[in-house]
Amino acid sequence: MADLSTNFVGIKSPNPFWLASAPPTDKAYNVVRAFKAGWGGVVWKTLGEEGPPVVNVNGPRYGAIWGADRRLLGLNNIELITDRPLEVNLREIKQVKRDWPDRAMVVSIMVPCEEAAWKAILPHVEDTGADGIELNFGCPHGMSERGMGSAVGQVPEYVEMVARWCKQNTRMPVIVKLTPNITDVRTSARAAVRGGADAVSLINTINSITSVDLDSMSPEPSIDGKGSHGGYCGPAVKPIALHMVADIARDPECNGIPISGIGGVTTWRDAAEFMALGAGNVQVCTAAMTYGFKIVSEMKSGLSQWMDEKGYTSVAQVSGRAVPNVTDWQFLNLNYVAKAKIDQDLCIKCGRCFAACEDTSHQAIAMSDDRTFTVIDEECVACNLCVNVCPVEDCITLEAMAPGQTDPRTGKVVDKEYANWTTHPNNPGAVAAE
Amino acid sequence: MSNSQMTPGVAAGRLPAEAYRDNFTDLHAPFDAHEAAVAADRCYFCHDAPCITACPTAIDIPLFIRQIATGTPEAAARTIFDQNILGGMCARVCPTETLCEEACVREAAEGKPVEIGRLQRHATDTLMGAGVHPFTRAPETGRRVAVVGAGPAGLACAHRLAMLGHGVTLYDGRPKPGGLNEYGIASYKTPDGFAQAEVDWLLSIGGIETVLGKRLGEDLSLGALTDDFDAVFLAIGLGGVRALTVPGAEKHGVLDAVNFISELRQSPDFAILPVGRNVVVIGGGMTAVDAAVQARLLGAENVTIVYRRGREAMNASAWEQDLAASKGVRIITHAVPVAVHGKRYAQEIEFAYVSDTLEPTGETFRLAADQVLKAIGQQIDRSPEGLTLEGQRIATSGPGRTGMKGVWAGGDCTGTGEDLTVTAVAQGRDAAMDIHETLMAKG
């Protein structure tokens, strides 16, 4: 059976599923429940500097969007870092780590962007016996207005500087949590690498307004008729997070820095995808907030079963497996030709493929009087839209044409040789093929 | 002493009072907003959707379901009423399992169609419950149309004509308008006075004068109507019931199922309605099922439907047959009545088994029968003078044109429908459009 245990920058945990720094990890009560449920580790909700704690709004902290059957797809929040006294959190962290020595205990920290502030808090955290720290450079709301969170994460020089301060002032591994609210996440990741960080974690939440109340004309979540942007998370952000993780994983300047993957991980499959794109473990929040801590049982059993089926014996074997297949558009094989194919036995004749193709694509699906839908190979560019809108899984598939066959759309014979844009005759900057 | 299911003969009050309330409540409870949202979520918004094609009134079902899903059931109702002004009743009585829901792609996918009928009811109930009539009349055209028969076809025709600005006089021979909606459909499909409420709501468009208790051939003549009005629409239904021509058919307790149902529908109290301990219903259509099920709900101990052909030939859908079975009705097929036995009152009915081609097999059997309800088909009561009949119904072509100038017809009295409310509505609506075009073309 697959070994799910991980050693992430020296932090050991029985499985790669950690709870992200967020409301589920704000108190010993929650964290103990999570550990009882089987989570491999937690990143304790962000601690601030000593003194009067931050205050939260007293109205709604979350907004959401839903899919069919009110399935939660995206969540946003305007909650700040922990609003409990620092000493209470430190005491609880110490106790929980003592009671659960095999679980990863990482502490998230956000203090003003001054060396003294970081120097002051690090010994306190170290004293708890925590396994590592995560620098919250990502929180996009509230704290960023005070020059912390994503306000730091958006300036690579600050990321590097604070990471360096921390490395100089603690023995604990330093994980830098990155904000996605930037144009190129690699810039921040490289800064973390330069600052000596042991790892990066991403993504933090995305600036968002989930909806507008059309009666009160207030954004949601609405506090007394006004709203502020919140941080967006949940299944809806997973594609954005996967891209950013992959970008860092394949960036030579990031030099293979370990990645803790975050962003919409809801099932074992999501976790496996993050790890395939380079994450050494994953952090989960929204799924736990939606369904409770028990979901980790499915995550563990699912990942374990899949790893067994594939013959992977350790999480490390999975990590980064898909990275070599992430490339730039210009290197995609233009000689690869596929056609959509509709399985008539599976087709339920809803006609959505037809509407999509006819109205918005290439008019490559024919509809007969008896509602038989067939692909017109002469028109099909294999765009995949029909596959995506079909409500029946595997009813429409894209089938690759074998080399030597003639593409009825272009009249050209499918070439078995790989050829991409860099050598394409239409490319003004094409280099001659060798 | 009170009666029970075991009380011999024909008796009222066989059940405790609360049993009647439970038995005759809504067959399908209405969706609440959450249930409607969940059900609406399942619609795939098909292209050129099969459900629309399957609907005789061609309601844009995916559109109205999307309107429900996006929180505007009122707009959904408008979409429905645009095509079918009796969308509220149709939501209750349509055999959706053989129409829109049979065609639903999720029936193909999972054997569980989107619950279109109940969603339609959610939308129409929402708008009607708010007392909103979503249509206004066009300016008066000065044309006057007589609509004879205030059943589904007549009501749909009258409403459409009034909307287009014509003046309508709506006649009906019964004391109340509504036709079979009021008199002929099982009570549990349209409880709480919905049929009359719907008529009142429909008439609130204005421009429709209702004249009740006037019957064509008695108080009205087609000749006089064509003289007095610019056009006439006949929706007189099938007032006659086919006769049962077997020995003993005249005995007490042998009734027309349609009369049994209409008395039940008009009764202020189900407990006062007499019903046999043993009831036999002859026939295989919706009327047979409606009568049989209601006989059970009134407290009959044994109710049997006997039909001359196989189940697959029954006009009552498989769903209706299952409903009957679930209410404890037994269905016997391939048998025809040969005699009703008893002195003055029916006591037994004798049947002969027949083959698929209705040849007697030589075997007979008897069923105890305090009541025999005949649901063996209806026919046009009296043919209006000068009209061509086809198979004992008024012959029409195109959108309800009879052979006679200025006279249109629709609903069950014509031979083109499937005797469904929804088909009658479509015919009334389409005839109205044709009448409108004809009248306006005259200049």
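**Exercise 1.** Which residue just after α15(B) takes a positive phi, and what is the span of the helix that precedes this residue?

*Solution.* The model is a predicted one, and the values below are computed from it. Just after α15(B), the residue with a positive phi is Gly299(B), at about 115°. For the helix itself, begin with its extent, residues 286-297 of chain B, which makes twelve residues. At 1.5 Å a residue these should span 16 Å, and because the end C-alpha atoms are 16 Å apart, the expectation and the model agree.

**Exercise 2.** Determine how many residues of α15(B) are buried.

*Solution.* Counting a residue as buried if 20 or more other C-beta atoms lie within 10 Å of its own, one finds that twelve of the twelve residues of α15(B) are buried, and the helix is mostly covered. The buried residues include Asp290(B) and Arg296(B), as well as Val289(B), Val293(B) and Leu297(B).

**Exercise 3.** Work out the strand order of the open sheet in chain A, and explain why β5 and β11 each have one side without a neighbour.

*Solution.* The four strands run in the order β5-β6-β14-β11, with antiparallel pairing. In this order β5 (62-66) and β11 (206-208) of chain A stand at the edges with a single partner strand each, so one side of each has no neighbour in the sheet. From one strand to the next, the twist averages 35°. Turning to one pair, β6 (residues 72-77) and β14 (residues 230-233) of chain A are joined antiparallel over three bridges, and Asn77(A) stands opposite Gly231(A) in β14(A).

Methods:
Residues are numbered from 1 along each chain as its sequence is written. Chains are lettered from A and ligands numbered from 1 in the order in which they are written. This is a predicted model: local features need pLDDT of at least 70, side-chain atom pairs count only at pLDDT 80 or more; totals for chains, interfaces and linings use all residues. Helices (H or I, at least four residues) and strands (E, at least two) are DSSP runs, numbered from the N terminus. The expected span of a helix is 1.5 Å times one less than its number of residues. Two strands pair if DSSP finds at least two bridges between them. Axes are lines fitted to C-alpha atoms, for helices over the stretch in contact, and angles run from 0 to 180 degrees between N-to-C directions.
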